[in-house]
Amino acid sequence: MLYPSIAAAEAALEKRWAWPNFRVSELACRCGGRFCDGAYWHAPDFLDRLQRLRAACGRPLIVSSAHRCPLWNAAVGGAPLSRHKMMAVDVLVAGHERQDLRAMAEAAGFTGLGLAQRFLHLDTRPRPAVWFYPGSFDLWQT
Ligand SMILES: [Zn+2]
């Protein structure tokens, strides 16, 4: 479900927010008011998986990109049908062992895994897919 702003989402979801390591503000659009007021796509099932990954990982997951409003998605070069226009996250590879992080993400239920040099893209697409970004292939080999 799409909320038009961080404030609207926080007000609506405050009493049923069940994902202690994540906040609406870090999962909302990062266009900084250029194209939206911090739009946020609420998907409890996605958050369950993200929290599961966080628990398995045992250390912070730094989200560099999550929901994107359509214009921000275009501005940052996102695919026209990017799952970021609903909910997807890019989490930084920051002291995580890459293969462990990937395996834990799959075990947590993520079905779309984009393996980049500095981040791991995660989404919950119906048909599983794994892909590499330019220059990232060698980094993700064991
Ligand atoms: Zn936006």
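Helices (H or I, at least four residues) and strands (E, at least two) are DSSP runs, numbered from the N terminus. Residues are numbered from 1 along each chain as its sequence is written. The model is predicted, and local features need pLDDT of at least 70, side-chain atom pairs count only at pLDDT 80 or more, and totals for chains, interfaces and linings use all residues.

Asp37 lies in the loop between α2 (24–27) and β2 (40–41). Asp37 is classed as partly exposed because 16 C-beta neighbours fall inside 10 Å, where a residue is buried with 20 or more other C-beta atoms within 10 Å of its own, exposed with 12 or fewer, and partly exposed in between, the C-beta atoms being placed from the backbone. When residues up to four places away in sequence are not counted, Asp37 touches Pro4 and Ser5, contact being defined by C-beta atoms, placed from the backbone, that lie within 7 Å.

The largest nonpolar core, a set of buried Ala, Val, Leu, Ile, Met, Phe, Trp, Tyr and Cys residues joined through C-beta atoms within 7 Å, has 27 residues, and those with the most contacts inside it are Ala28, Tyr40, Ala105, Leu120 and Leu122. At least two residues of this core are supplied by each of α2, β2, α3, β4 (89–92), α5 and β6 (119–123). Leu122 touches Ala88, Val89, Val91, Ala105, Phe110, Gly112 and Leu113, again not counting residues up to four places away in sequence. In soluble globular proteins, nonpolar side chains tend to be buried together.

Between the helices, Leu53, Ala56 and Cys57 in α3 meet Leu101, Met104, Ala105 and Ala107 in α5.

How values were computed: Contact = placed C-beta atoms within 7 Å.
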